[in-house]
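Hi,

Here is the structure I promised to pass on. Have a look at it first, and my notes follow below.

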There are 2 protein chains.
Amino acid sequence: MPVIVQKFGGTSVADLDRIRNVARKVKREVDRGNQVAVVVSAMSGVTDQLVNMTRQLSGLSTPSALEEYDTIVSSGEQVTAGLLALALNEMGIPARSWLGWQLPLVSDAAHGKARIHDIKSDAIMESLNEGNVAVVAGFQGVDEHGRISTLGRGGSDTSAVALAAALKAQRCDIYTDVDGIYTCDPRIVTKAHKLHRVAYEEILEMASQGAKVLQTRSVEMAMNHGVRVQVLSSFSDAEGTLLVDEEEVVERKRITGIAYSRDEARITLTSVANIPGVSAEIFGPLADANINVDMIVQNVSEGGAETDVTFTVPRGDLKNALAVVEKSRDKIKYKSLNSDDSVAKVSVIGVGMRSHVGIAQEMFKTLADKGINILVISTSEIKISVLIAEEYTELALRALHTAYGLDTE
Amino acid sequence: MPVIVQKFGGTSVADLDRIRNVARKVKREVDRGNQVAVVVSAMSGVTDQLVNMTRQLSGLSTPSALEEYDTIVSSGEQVTAGLLALALNEMGIPARSWLGWQLPLVSDAAHGKARIHDIKSDAIMESLNEGNVAVVAGFQGVDEHGRISTLGRGGSDTSAVALAAALKAQRCDIYTDVDGIYTCDPRIVTKAHKLHRVAYEEILEMASQGAKVLQTRSVEMAMNHGVRVQVLSSFSDAEGTLLVDEEEVVERKRITGIAYSRDEARITLTSVANIPGVSAEIFGPLADANINVDMIVQNVSEGGAETDVTFTVPRGDLKNALAVVEKSRDKIKYKSLNSDDSVAKVSVIGVGMRSHVGIAQEMFKTLADKGINILVISTSEIKISVLIAEEYTELALRALHTAYGLDTE
């Protein structure tokens, strides 16, 4: 019998009525003749509340504090798993809950952000074969010492994909509050449409470019294990978006989707000495300060002895980043330091880039035609990102959506 | 090194400040050179909230529903155990939390009201010997199939006493919101004083007589395993009351304490046929209706062919009980049925009764002198209970407290 893994996030199980709604979605898969394992998150708000209590008591800076943190926050998923199993039983669907340590889902001991080593699937498979639905508490595992671990925020997606791999599931359905992956944000681009299939690599670029639907690690895992992931809405019955191998994306458009992020700030250092090691002097202290630098460009000025360096950081880190750079002024010896927090990053993404030429050129021309100045460019094999003034974000997205022929499905 | 078990109930860990306060009480025992295992309840209100959610989803009438119930409600103690361990670590006291399945505390599979089979103490003892405080989630265990079980409401007391027995603890300190066991309710009898020592048997009679401080099962377990239990307040530093063997109660007063209960209603059936089996006809259906009958007296009327039967039930069950009895009228053939829900039960309790005579006589005379009529009497080896009109409760308690010489410590 085919095994289907379903995963429901916090908003999908936010109250008892929604849990009953989830139970009906589980029942539908059972009625179709599938064996079903359901992975659930904590009811929305619960994890934040638990995390907040731990932070009031502790700096969470020691390994044993993080072990307790995991014991505490994992209780949210424990409750949801039990509640959904109750709701299913009440509907006449035999079901039982499985906690991380009961499977067991064995992880390393990096508490608070543990990585999955192994899922023992014997016991849960036996229970599925006896005709039970398995309701699995997401986000949690157990380390080799028998302490509860958690997989980091959003870890329930990873639990679901890992379980789907362990159970050799036919499909892993990730239910969220959106009904799939779109060519672009439909709130901005009204002509955006839902994608039926997206390659794993594309969704990875989209997620890191600001279109947060799935946890990155879960997509990597799906890609590595060939798990067919479907993203769909728990509040509608519409078909979702299927994540597949690049080869399965039949229709090779030049661009699959367009992502954007407003959480950007630009920093430019002018006339930096163009000598070996200067990059390390700039970016080392920023890394030490836990500031995530994204786009970096370096332009050699006239003569070649000096260079301008521009990079972007998350907007909330701008003040800190400037302070860190200023502290290193003696070593970096830049002439001036300027910044701008009214910038946005727009990215066009698609595996079609590998086989089509002129994609970048088309992007630059489209933006130029609209009078939009490009501040920074960065590219990967399947993505081109540009930094622009934030006020042009919507205009840029709509123009690019039309230019790449995405307006018509 | 001596092992001390401490237990803190829901009101003692109701918020983060109180959890920090508990951590200080733990530290004090550590500073005295003890190895400390702490058993905690859920933060007050949490268990009710979780139970309420389960009831909204399910009738909780099947074994698998009760398994999920236990998975859900046990999360409350899980959170408190983690939080207290965090608070202790933050104070520089090495500590770790232990869940029921981690010890493990093995129970039977009677989910919702499981009984403890065994506590494996090797792992926790090793951790204590390494210098850690053990923070144990109360109320929970694990059945032989690896499903979480709970011990029923108030089960954390039982967890604590069982753990004290398993660890051969020197003492089991039960912290509550009262600071010990009193000769009588101090809100009514201002001359009531705290008892330094009470025999297990006495506290059992007191608890069942309405002075609810400790869960009955935990006292029975302490008595069976010779665990020295101390009841004391988590909100003061006053010495508490020690539960000991009867032989250790040095000062043999005639009476140790006086208890009362207003949760009583009287039912009388007149002129019942005095034939074999009639009692079963009366009380069988009441038991079937889950109504707990307490005091029972039967007076043979003139001639001996008929008898009057009087008994008490919890006040809230009176209406149901009358309906049950009326339904059996054809079988019982009583002449009239009358009832009174303005009655109270007053009990004098003490192991001293075994060696002193005239205790009952003194009780009856004291009440008669105050003009208080006795409706029903029942006795055990170490207890005499009388049913009186509720309005005389305070008068009776004060008069008896004086008569048995309890006013002076």
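Which residue takes a positive phi just after H13(A)? Gly405(A) does, with a phi of about 75°. Keep in mind throughout that this is a predicted model.

Since we are at H13(A) anyway, let's stay there for a moment. The helix covers residues 393-403 of chain A, and its buried residues are Thr393(A), Ala396(A), Leu397(A), Leu400(A), His401(A) and Ala403(A). They span an arc of only 165° around the axis, so they sit on the same side of H13(A). As for what they pack against, the list is strand E13 (257-273), strand E16 (336-349), helix H12 (359-369) and strand E18 (383-389), each of chain A.

On the overall layout: chain A is split into domain 1 (3-177) and domain 2 (258-403). The centres of these two domains, taken over C-alpha atoms, are separated by 39 Å.

Then there is the sheet. Chain A has an open sheet of 8 strands with mixed pairing, in the order E3-E6-E2-E1-E9-E11-E12-E10. E3 and strand E10 (197-199) of chain A are the edge strands, each pairing on one side only. From one strand to the next, the twist averages 25°. At the E10(A) edge, 3 bridges connect that strand to strand E12 (residues 241-244) of chain A, and the two run parallel. If you want a spot to click on, Val198(A) has Leu243(A) in E12(A) as its bridge partner.

Two helices that pack on this sheet are worth pulling up. H4(A) touches strand E2 (35-40), E3 and strand E6 (133-137) of chain A, and its direction makes about 160° with that of E6(A). Helix H6 (residues 155-166) of chain A touches strand E1 (3-8), E2, E6, strand E9 (171-176) and strand E11 (229-233) of chain A. The direction of H6 makes about 175° with that of E1(A).

Finally, the contact between the chains: 29 residues of chain A meet 29 residues of chain B. On the chain A side, the elements giving two or more residues are helix H2 (46-57), helix H3 (63-73), helix H4 (75-90) and strand E3 (95-98). H4(A) gives the most, with 10 residues. By class, that side of chain A has 12 nonpolar, 13 polar and 4 charged residues. So H4(A) turns up twice in these notes: it packs on the sheet, and it also gives residues to the side that touches chain B.

Cheers

Technical notes:
Residues numbered from 1 in each chain as written. Chains lettered and ligands numbered in written order. Predicted model: local features only at pLDDT ≥ 70, side-chain atom pairs only at ≥ 80, totals over all residues. Buried ≥ 20, exposed ≤ 12 C-beta atoms within 10 Å, placed from the backbone. Helix = DSSP H or I, 4+ residues; strand = E, 2+ residues; numbered from the N terminus. Arc of directions from axis to C-beta. Contact = placed C-beta atoms within 7 Å. Nonpolar A, V, L, I, M, F, W, Y, C, P; charged D, E, K, R; others polar. Pairing = 2+ DSSP bridges. Axes fitted to C-alpha atoms, helices over the stretch in contact; angles between N-to-C directions. Domains from an automatic or database assignment.
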